[in-house]
Amino acid sequence: MTCKELPRSWKVQERIKALNGKWKFSETPGNTFGIQQSIKERLEVRVQNMIKNSPATESFRQNKKIRVKLSGDGTNVGKSLHVVNVTFTILDQGSKAMSADETI
């Protein structure tokens, strides 16, 4: 049965590929199912964008220190599926630190 409100499967696959193309994923090590991203690479990109887009670029260069807060959380999704999320926040961004805007 065809329903006009639902997107076509090829459109969904196309969208998934486009979203996955925005980030660099790698498989988790060992005999496990999942993907991961390098915190170091993500942090480098964020700091470079922050310095490039910041009006206080000179102060970042003088201090040569950027404060970063690391957080982690884990949960059991199923009997044998465990998820661990590690996040970071660049504290020097002030109120922009909690923004969802990608350009910051």
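These legends accompany several close-up views of a predicted model.

**View 1. The whole chain offers a first orientation.** Let us start with the complete fold before zooming in. The protein contains three helices and four strands, and, read from the N terminus, its elements follow the order α-β-β-α-α-β-β. How much of the protein is buried? Of the 104 residues, 12% are buried. The protein exposes about 9300 Å², and carbon and sulfur atoms supply 54% of that area. If you like contact maps, here is one number to keep in mind: of the contacts between residues at least 6 apart in sequence, 30% join residues at least 24 apart.

**View 2. Strands β3 and β4 form a hairpin.** In this view we move to β3 (68-76) and β4 (82-90). Five residues lie between the two strands of this hairpin. The strands run antiparallel, and nine bridges join them. One of the residues to pick out is S71, whose bridge partner in β4 is T87. Another is N76, which stands opposite H82 in β4.

**View 3. A nonpolar patch lies on the surface.** Which residues form the nonpolar patch? They are I39, V68, L70, V84 and V86, and together they have about 430 Å² of accessible area. Both β3 and β4 give two or more residues to this patch. Take L70 as an example: this residue belongs to strand β3 and has a relative accessible area of 59%, so it counts as exposed, the cut-off being over 50%. As background for this view, in a regular strand the side chains alternate between the two faces of the sheet.

**View 4. T87 sits in strand β4 and touches residues across the hairpin.** Here the focus is T87, a residue of strand β4. Is T87 buried, partly exposed or exposed? Its relative accessible area is 43%, which falls between the limits of 20% and 50%, and therefore T87 is partly exposed. With neighbours within four places in sequence left aside, T87 is in contact with K69, L70 and S71. S71 is also the residue that has T87 as its bridge partner. For a distance to check in your viewer, try T87 and G72: they are 15 residues apart in sequence, and their C-alpha atoms are 6.2 Å apart in space.

**View 5. H82 and N76 meet through their side chains.** This close-up shows H82, which is part of strand β4. Which residues does H82 touch, not counting residues up to four places away in sequence? The answer is T75 and N76. With N76 there is also a polar contact between side chains, at 2.5 Å. The two residues stand opposite each other, with H82 in β4.

**View 6. D73 is an exposed residue of strand β3.** The last view turns to D73, found in strand β3. Its relative accessibility is 54%, and because exposed means over 50%, D73 counts as exposed. Leaving aside neighbours within four places in sequence, D73 is in contact with V83, V84 and N85. One of these, V84, also belongs to the nonpolar patch of View 3. For V83, the spacing is worth a look: D73 and V83 are 10 residues apart along the chain, and 8.4 Å separates their C-alpha atoms.

Key:
Residues numbered from 1 in each chain as written. Predicted model: local features only at pLDDT ≥ 70, side-chain atom pairs only at ≥ 80, totals over all residues. Heavy atoms only, no water. Patch = residues over 30% accessible without salt bridge, like charges linked within 9 Å, V, L, I, M, F, W, Y side chains within 5 Å. Areas by Shrake-Rupley, 256 points an atom, 1.4 Å probe, with all protein chains shown as cover. Salt bridge = Lys/Arg side-chain N within 4 Å of Asp/Glu carboxyl O. Buried < 20%, exposed > 50% of the residue type's maximum accessible area, 1.4 Å probe, protein only. Pairing = 2+ DSSP bridges. Contact = heavy atoms within 4.5 Å. Polar contact = N/O pair within 3.5 Å; in protein donor to acceptor, adjacent residues only side chain to side chain.
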